[in-house]
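Subject: Structure handover

Hello,

Please find the structure below, followed by notes on what was found in it.

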Amino acid sequence: MSARDYAEKDYYAALGVPKDASAAEIKKAYRQLARDLHPDKNPGDRAAEDRFKAVSEAYDVLSDDAKRREYDEARTLFSSGGFRPGGGYPGGGVPGFDLGDLFGGRPSGGGLGDVFGGLFGGARGGRGPRRGADVETSVTLSFGDALRGATVPVRLTTTGTCTTCRGSGAAPGTTSRECATCAGAGVTTRNQGGFAFSEPCRTCRGQGRVVETPCPTCAGQGVATTEKTLNVRIPPGVDDGQKVRLAGRGGPGDRGGPAGDLLVTVHVTPHPVVSRRGDDLLLTVPVRFDEAALGTLVTVPSPDGPVTLRVPPGTSSGRTLRVRGRGVRRKDGSAGDLLATVQVQVPQQLSDEARRALEQFAQQLHGTADDSPRAALEGVEL
């Protein structure tokens, strides 16, 4: 594929975003498309797989500020007709001007050659080392496991170096040969009018070598889709929707490049009794009327095991009791608090004996009308 072919790839259209899209908009569009087109979600769908690769390629360029700038410059160069085979340079050209400068064909380098060198690694010798792609996946944890941390198996499908040919693209027992078209240079040069045009060799696609017997696993591409299962450690205290980044656990690098990262989105199943607010844990503690009046001890759950909570005598419904250090564990080893809200249970039915006892109790406790808890409301007008 020529450099012009590369420049004419519309990565913005591949992601469905405008050319002036922000980094956040590009990232959002990629995540949605990658999730919809992922091979795990579309098994056996070759069209979805090809689209997934195209989307990944587009995101790899547009998510990198330097690559995106170089890509935009390359597209502007070609779309404006700045260099046209046989047509020279607009407004007249300088005879002998060598477009090999575009592809690093001259020893001086620099100039527009840096544009294509940055995007495609230069023509001669093929691409250089390239960092592997980041891989995103998700796991679901129980509320308790999210508080304590857990090790969970994660199944990943990634595109990486073919293990059969080790990235050479040649079938085992065979080797590639030097390209006869470009003599291993990876570029070809042709003269037209007063210009010398250099571009990646179409025969070897700029690699300088040709595979005669392709690898049966990767069809000569040197890359293949692999599946693996990783045991991923989720740290304690992770919240619902939080992402955990595992450096170097993503897609393998290309031609000796470092591996990408693994991004794990954690979904936490709600607990039927306990909820979370920041690093504090919240729960409601039901107590009987007599327990609230006389005081009592109740046992409540916490991440470190059951804890005994003292309900003071005369506790009213809605009062919140705090147990310090029994909430969500933080990275520095400290922890939030456990907040228990008392809810006084009022009996719905009373036996005759219980009713008489309660009436007698009320008479002794509130013998006069002056003891009414609603005295402050009497005579109030709005």
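Which residue in β9 is the bridge partner of Glu136? In β9, Glu136 has Leu263 as its bridge partner. Before the rest, the conventions: the model is predicted, local features need pLDDT of at least 70, side-chain atom pairs count only at pLDDT 80 or more, and totals for chains, interfaces and linings use all residues. Residues are numbered from 1 along each chain as its sequence is written, and side-chain values use heavy atoms, with hydrogens and water left out.

Overall

The protein has nine helices and 15 strands. Helices (H or I, at least four residues) and strands (E, at least two) are DSSP runs, numbered from the N terminus. Of the 382 residues in the protein, 36% are buried. Buried means under 20% relative accessible area, exposed means over 50%, and partly exposed is in between (1.4 Å probe, protein chains only). The protein exposes about 22,600 Å², and carbon and sulfur atoms supply 50% of it; accessible areas come from the Shrake-Rupley method with a 1.4 Å probe, and for residues only the protein chains shown count as cover. Among contacts (heavy atoms within 4.5 Å) with a separation of 6 or more, 63% are between residues 24 or more positions apart.

Strands and their pairing

Two strands count as paired if DSSP finds at least two bridges between them. Strand β1 (residues 135–141) pairs with β9 (residues 262–268) in the parallel sense, over seven bridges. In a regular strand the side chains alternate between the two faces of the sheet. In β1, Val135, Thr137, Val139 and Leu141 point to one face and are buried. Glu136, Ser138 and Thr140 point to the other face and are not buried.

Strand β15 (residues 338–345) pairs with β11 in the parallel sense over eight bridges, and with β14 in the antiparallel sense over four bridges. In the first pairing, Thr284 has Thr341 of β15 as its bridge partner. In the other, Arg322 stands opposite Leu339 of β15.

Buried positions

Leu281 is in strand β11 (residues 280–288). Its relative accessible area is 2%, so Leu281 counts as buried. Not counting residues up to four places away in sequence, Leu281 touches Phe143, Leu147, Val274, Ser275, Arg276, Pro303, Arg326, Gly327, Val328, Asp337, Leu338 and Leu339. The C-alpha atoms of Leu281 and Val323 are separated by 9.8 Å, and the two residues are 42 residues apart along the chain.

Thr315 is in the loop between β13 (307–311) and β14 (320–323). Thr315 counts as buried because its relative accessibility is 4%. Leaving aside neighbours within four places in sequence, Thr315 is in contact with Ala292, Val342 and Val344.

Thr296 belongs to strand β12 (residues 296–300). Thr296 has 19% relative accessibility and therefore counts as buried. Its contacts, apart from neighbours within four places in sequence, are Glu291, Leu309, Arg310 and Val311.

Exposed loop positions

Pro172 is in the loop between β2 (150–161) and β3 (177–178). Pro172 is exposed because its relative accessible area is 53%. Outside its neighbours within four places in sequence, Pro172 is in contact with Thr164 and Pro216. Pro172 and Cys215 are 43 residues apart in sequence and 6.9 Å apart in space, C-alpha to C-alpha.

Ala183, in the loop between β3 and β4 (187–192), has a phi near 55°, a positive value in a residue other than glycine. With a relative accessible area of 52%, Ala183 is exposed. Ala219 is in the loop between β6 (209–210) and β7 (223–234). Although Ala219 is not a glycine, its phi is positive, at about 55°. Ala219 counts as exposed, at 55% relative accessibility.

The second largest pocket

A pocket here is an open set of points on a 1 Å grid over the protein atoms alone, where a 1.4 Å probe fits, with protein on both sides within 12 Å along at least five of seven lines; lining residues have an atom within 4 Å of a point. The second largest pocket has a volume of about 260 Å³, where volume is the space filled by probe spheres set on the points, and grid points are joined across faces, edges and corners. Its lining includes Phe289, Asp290, Arg355 and Leu358. α8 (289–294) and α9 (352–365) each supply at least two lining residues, and α9 gives the largest share, four residues. The lining divides into seven nonpolar, two polar and two charged residues. Ala, Val, Leu, Ile, Met, Phe, Trp, Tyr, Cys and Pro count as nonpolar, Asp, Glu, Lys and Arg as charged, and the others, Gly among them, as polar.

Regards
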